[in-house]
Amino acid sequence: MTELDSNSPIPLHIQLKNELQELIDNRSFNEKIPSERELMDTYKVSRSTVREAVSHLVNEGVLKKVHGKGTFISKKPIEEWLGNITSTTEVIKKMGMKPDAKLLDNGIVVPAKEIVEASGLTEAYFIKRIRYANDKPLALESQYYPIEIGESLAQYDIEKGTLYDLLEQSLNLKFAEAEQMITSTYLSKEEADLLGVPCSLSVLHIERLLSDINGNLIEYYSAYFRSDMYSFRIKLSKNSS
């Protein structure tokens, strides 16, 4: 616990807000934060200071108040920073959670028209998996590869393995860049059942084209992520010109 500094030019409620944010990020709380009284006693501040700090975090979507029950941490446990080519496994591990996967399907397929148009793959090696974080279904991932790459990849553990690690370390492919689009959509009943969510839940749809250093396609990726468990963050800067 960081002691608040009453002599600092930073207002006490902002200091407390920053302290609570850090504790939440470090997984110091389970599902909810301490009560107003507990925070007042712990940090030696007034009720109004606690309420202002908590209100900031509620407005930012970090916390949510449930009448009669307390203030809970919003269920966005997994946060991916955009700007780097990162595997789902790596993102989940960085959040201090246990990644897992279940193979649903794999083999050579003729992709749907929209995938052919996006990737140029008239035939592809297809891998479909459910991804888990701490044993909870997180995402449905579908990955399409040029057949030669896919068949080589399938010689390894494509159910539990980290596919990006296998592509780079076992197949010696050199990633150069990826183009990614994130949209919102809804799942079919079958897809919703696999993720354990209602069909009414709007999910994140991620499409990504991954290329090697020569500009050749390595992978077309399409995935549906639970919006109650996953979020994306990007840092922006002002153009000085």
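This is a short tour of one sheet, one pocket and two cavities in a predicted model.

**Stop 1: the whole sheet**

Start by selecting the strands β4, β5, β6, β9, β8 and β7, and colour them in that sequence. You are looking at an open sheet of six strands, ordered β4-β5-β6-β9-β8-β7 and paired in the antiparallel sense. Now look at β4 (99–109) and β7 (175–185): each has a single partner strand and stands at an edge, so one side of each is left without a neighbour in the sheet. Turn the view to look across the strands, and you can follow a twist that averages 15° from one strand to the next.

**Stop 2: strand β6**

Next, select residues 136–145, which make up β6. How much of this strand is covered? Nine of the 10 residues of β6 are buried.

**Stop 3: the β5–β6 side**

Keep β6 on screen and add β5, residues 124–133. These two strands run antiparallel and share nine bridges. Together β5 and β6 form a hairpin, with two residues between them. Zoom in on the turn and pick N134, where phi is positive at about 50°.

Two pairs make handy landmarks along this ladder. Y132 has P137 of β6 as its bridge partner, while Y125 stands opposite Y145 in β6.

**Stop 4: the β6–β9 side**

Now hide β5 and bring in β9, residues 217–225. Here β6 is joined by six bridges, again in an antiparallel arrangement. To find your place, label E141 and its bridge partner in β9, A223. Keep E141 labelled, as this residue returns at a later stop, in the lining of the largest cavity.

**Stop 5: the second largest pocket**

Show I115, S142, Y144, S222 and Y224. These are the residues nearest the centre of the second largest pocket, out of 15 that line it. The volume of this pocket is about 250 Å³.

Which element gives the most to the lining? That is β6, with four residues. At least two residues each come from α5 (113–119), β5, β6, β8 (203–212) and β9. Colour the lining by class and you will find seven nonpolar, three polar and five charged residues.

**Stop 6: the largest cavity**

Time to go inside. Rolling a probe the size of a water molecule over the atoms shows where empty space is left. In this model there are two cavities of 30 Å³ or more. The largest holds about 80 Å³ of space.

Select S87, T88, T89, R129, R131, E141, Q143, T162, L163, Y164, R208 and Y221 to display its lining. Two or more of these residues come from each of α4 (88–94), β5, β6 and α7 (163–170). By class, the lining of the largest cavity has five polar, four charged and three nonpolar residues.

**Stop 7: the second largest cavity**

For the last stop, select E80, T86, S87, T88, V91, Q180, I206, R208, Y221, F225, Y230 and F232, which line the second largest cavity. Its volume is about 60 Å³. The elements α4, β8, β9 and β10 (230–233) each give two or more residues to this lining. What is the make-up of the lining by class? Six of its residues are nonpolar, four are polar and two are charged.

Before you close the viewer, show both cavity linings together and pick out S87, T88, R208 and Y221, which belong to the one and the other.

Definitions and conventions. Residues numbered from 1 in each chain as written. Predicted model: local features only at pLDDT ≥ 70, side-chain atom pairs only at ≥ 80, totals over all residues. Heavy atoms only, no water. Buried < 20%, exposed > 50% of the residue type's maximum accessible area, 1.4 Å probe, protein only. Pairing = 2+ DSSP bridges. 1 Å grid on protein atoms, 1.4 Å probe; cavity = no way out; pocket = protein on both sides within 12 Å on 5 of 7 lines; lining within 4 Å. Points joined across faces, edges and corners; volume = space filled by probe spheres on them. Nonpolar A, V, L, I, M, F, W, Y, C, P; charged D, E, K, R; others polar. Axes fitted to C-alpha atoms, helices over the stretch in contact; angles between N-to-C directions.
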